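Biologist: Got a minute to walk me through this fold? Let's go over how the sheet and the helices fit together.

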Amino acid sequence: MPADAEALKRLVGEAAAELVENDMVVGLGTGSTANCLIDSLGERVRNGLRFIGIPTSKRSEERARALGITIEGFDRHDRIDLCIDGADEIARGSLHLVKGLGGALLREKIVAAASDRMVVVADESKLVDHLGTHAPVPVEISSFGWESTVRQLAQLGARPTPRRDRDGVLFVTDGGNMIVDCAFAPIEDPPTLEASIRAIVGVFECGLFISRAECALVAGPDGVVRIDRG
Ligand SMILES: O=C(CO)[C@H](O)[C@H](O)COP(=O)(O)O
């Protein structure tokens, strides 16, 4: 079995692509693991699969279109049958997630919320006992008044860092907003923290995904394991 990270992502992308059936509306995630899913779906489309993709970022949309996947939007669809996306951390048992290190968390959460089922795909390095162990919680905020919003995030106990590119320029999301990466000590109560972050005026969404994933497909040296929400 492949053990390097890229091979594991390809393996889990292939496994997740098998969940898509003809005529489904499918939310397409963002990130390197989601890219492997999209590539595998492109292969299946070349072999005759027909489905509609609703992407969670401009990057995923461009990749999917280039592979011949049909892309539509919420103007045409009320609900999404299945959304498949990556994660930065997956809590064992609850399957609560941290997402958004790729900068697409607001669109990812809109797509997840509109989906009948969400399946998360990852390699086993993303499994943790407590969210916040390795990854900060990304928070998408308004660029107007961002300094005030950041101070309020700090009052929740976070060490907030506005995300910047390599040149030090503030990162801008597909929706034109900012991201603040909020490091917390391991998070004891993710649902309460999600509610507290979302209550701050100026916050659009946070990267805590609570009870959204129905199951996780996790790739390790022994292959892909399905973990259902406990
Ligand atoms: O939430 C995300 C993007 O906003 C990604 O799903 C997450 O960052 C995982 O990415 P990768 O598969 O590259 O590790």
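Modeller: Sure, and keep in mind that this is a predicted model.

Biologist: In what order do the seven strands of the open sheet run?

Modeller: The sheet is an open one with mixed pairing. Its edge strands are β3 (70-71) and β15 (223-228), each of which pairs on one side only. Reading across, you get β3-β2-β1-β4-β7-β14-β15.

Biologist: And which residue in β4 is the bridge partner of V26?

Modeller: Strand β1 covers residues 25-28 and β4 covers residues 80-85; the two run parallel and are joined by three bridges. Within that pairing, V26 has its bridge partner in β4, and that partner is L82.

Biologist: What angle does the direction of α4 make with that of β4?

Modeller: Helix α4 takes in residues 105-113 and packs on the sheet. There, α4 touches β1, β2 (52-55), β4 and β7. Its direction relative to that of β4 comes out at about 140°.

Biologist: Back to the helices: are α1 and α2 parallel or oblique to each other?

Modeller: The axes of α1 (residues 5-17) and α2 (residues 32-46) come within 8 Å and cross at roughly 50°. That angle is over 35 degrees but under 65, so the pair counts as oblique.

Biologist: How many charged residues does the contact of α1 with α2 have?

Modeller: On the α1 side the contact includes K9, R10 and E14, while α2 brings D39 and R44, among others. Split by class, there are six nonpolar residues and four polar ones, and the charged residues number five.

Key: Residues numbered from 1 in each chain as written. Predicted model: local features only at pLDDT ≥ 70, side-chain atom pairs only at ≥ 80, totals over all residues. Axes fitted to C-alpha atoms, helices over the stretch in contact; angles between N-to-C directions. Helix = DSSP H or I, 4+ residues; strand = E, 2+ residues; numbered from the N terminus. Parallel < 35°, antiparallel > 145°, perpendicular 65-115°, else oblique. Contact = placed C-beta atoms within 7 Å. Nonpolar A, V, L, I, M, F, W, Y, C, P; charged D, E, K, R; others polar. Pairing = 2+ DSSP bridges.
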